[in-house]
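Hi everyone, thanks for making room for me on the agenda. I'd like to walk you through a structure, so please have it open while I talk.

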Amino acid sequence: DLLVVGSANADLVIGVERRPAAGETVLGSDLAVHPGGKGANQAVAAARLGARTALLARVGDDAHGRLLLDSQRAAGVDTVGVLVGGAPTGVALITVDPSGDNSIVVSPGANGKLTPEDVRAAGSLFHASRVVSAQLEIPLETVVEAVRSLGPDSRFVLNPSPPRPLPQEVLAACDPLILNEHEAKVILGDALVGDDPADWARILLARGPRSVVVTLGAEGSLVASAEGVTRVPSVKVDAVDTTGAGDSFTAALAWKLGAGASLAEAAAYAARVGAAAVTKQGAQESFPTAEEVAAL
Ligand code: ADP
């Protein structure tokens, strides 16, 4: 019922005392390899909640690609749309220092080779989906083609991350456009006024999306539609690691919308999912089951 169109990366993480300066070599911890990328994360998050989920993505014909396919299948994601080959699997090289500050280099690899043609070839996945969820770690023209491939009754959810200017055709399809404060600021650009996220949500809404959700971390989120702007509180938890909060929030919201929830209901459920995700280390490892959400 949910189709995620997006990226799949291997996250290669090394802990260091100090991140290296130009020309410097530092010694670090053992390497940890985690499945990641916003598309892969969203698909795993939704499937773990019990959503029937498919992923349209591209990985390389290599060990990282197999790691990603295995983690999707283990979560119960339909991987018929995960294409293999064309470039090495996308990689994020991450160094983290003891204070938690990191430096990241991303090689998009196969994510950059997910083409509009791949989207057209996946027409049956689009027709079988009530909700299509995308992000921007794949080529923009591929996202545009996903919008053009929506079935007559299907809904489009976009997290514009990493943020960049969006064509009108994409903006107008979003229901909702869902973004954090940083993404909102970049997308607003010159139109950014003041520091009230409710104003940002109104300005974004006027640009064409049918609805907008601005996520505010521990402050919860703002939901904006023709009916106005409402605040959805977060759930109080002891945050351990906020990695993946936005991905699990978006996945939960998209799934609930497809199941018939109102935007406010879906955002309230997504807040519980995001809160559960920040109580555990990691991204995919931290995503809760429906039982864990209910127990929160
Ligand atoms: P991103 O990960 O994209 O930066 P946010 O940090 O805004 O996104 O988090 C997305 C959602 O996850 C929030 O709207 C909130 O519901 C939930 N969330 C994030 N951080 C916390 C936290 N510390 N405590 C409770 N909920 C949180």
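**A walk through the model**

Let's begin at a turn: strand 6 and strand 7 form a hairpin with five residues between the strands, and in it G100 has a positive phi near 95 degrees. Before I go on, please keep in mind that this is a predicted model.

The two strands of that hairpin run antiparallel and are joined by six bridges. If you want a pair to look at, V96 has N102 in strand 7 as its bridge partner.

Now, which sheet do these strands belong to? They sit in an open sheet of four strands, ordered 3-2-6-7, and the pairing in it is mixed. Strand 3, residues 32-36, and strand 7, residues 102-107, are at the edges; each has a single partner strand, so one side of each has no neighbour in the sheet. From one strand to the next, the twist averages 20 degrees.

On its other side, strand 6 (residues 90-96) meets strand 2 (residues 9-15), and these two run parallel, with seven bridges between them. Here you can find L12 opposite L93 in strand 6. As a reminder for anyone colouring side chains, in a regular strand they alternate between the two faces of the sheet.

What lies across this sheet? Helix 2, residues 63-75, lies across strand 2, strand 3 and strand 6, and it runs at about 55 degrees to strand 3. Helix 2 also lies across strand 4 (53-59) and strand 5, and there it runs at about 180 degrees to strand 4.

That brings us to the other sheet. It is an open one of nine strands, in the order 5-4-1-8-9-10-11-12-13, again with mixed pairing. The edges here are strand 5 and strand 13, each with a single partner strand, so one side of each is left without a neighbour in the sheet. Ignoring direction, neighbouring strands of this sheet are turned by 20 degrees against each other on average. Within the sheet, strand 8 and strand 9 pair in the parallel sense over five bridges, and Q135 stands opposite N159 in strand 9.

A quick stop at one residue, T79. You'll find T79 in the loop between helix 2 and strand 5 (82-84). Is T79 buried or exposed? Neither, quite: T79 has 18 other C-beta atoms within 10 Å, and being buried takes 20 or more, so T79 counts as partly exposed. Leaving out residues up to four places away in sequence, T79 touches L55, L69, Q72 and R73. By contrast, T79 and G15 are 64 residues apart along the chain, and their C-alpha atoms are separated by 32 Å.

Next, two helices and what they pack against. In helix 5, residues 140-148, the buried residues are T142, V143, A146 and V147. Looking down the axis of helix 5, you would see them fall within an arc of 150 degrees, so they line one face of the helix. Their cover includes strand 1 (2-5), helix 3 (116-121), strand 8 (131-135), strand 9 (155-159) and helix 6 (168-173).

Helix 8, residues 197-206, has P197, W200, A201, L204 and L205 buried. These residues cover an arc of only 135 degrees around the axis, which puts them on the same side of helix 8. They pack against strand 10 (174-180), helix 7 (181-188), strand 11 (211-215), strand 12 (221-225) and strand 13 (228-232). After helix 8 comes G208, with a positive phi near 135 degrees.

I've kept the ligand for the end. How many residues surround the ligand? There are 19, and the closest are T215, A218, A239, G246 and G274. Two elements give two or more residues to this shell: helix 9 (245-258) and helix 10 (263-278). Helix 10 contributes the most, with four residues.

And what kind of residues make up the shell around the ligand? Ten are nonpolar, nine are polar, and none are charged.

That's my tour, and I'm happy to go back to any part of it.

Notes: Residues are numbered from 1 along each chain as its sequence is written. This is a predicted model: local features need pLDDT of at least 70, side-chain atom pairs count only at pLDDT 80 or more; totals for chains, interfaces and linings use all residues. Two strands pair if DSSP finds at least two bridges between them. Axes are lines fitted to C-alpha atoms, for helices over the stretch in contact, and angles run from 0 to 180 degrees between N-to-C directions. Two residues are in contact if their C-beta atoms, placed from the backbone, lie within 7 Å. A residue is near a molecule or strand if its C-beta atom, placed from the backbone, lies within 6 Å of it. Ala, Val, Leu, Ile, Met, Phe, Trp, Tyr, Cys and Pro count as nonpolar, Asp, Glu, Lys and Arg as charged, and the others, Gly among them, as polar. A residue is buried if 20 or more other C-beta atoms lie within 10 Å of its own, exposed if 12 or fewer, and partly exposed in between; C-beta atoms are placed from the backbone. The arc is that of the directions from the helix axis to the C-beta atoms.
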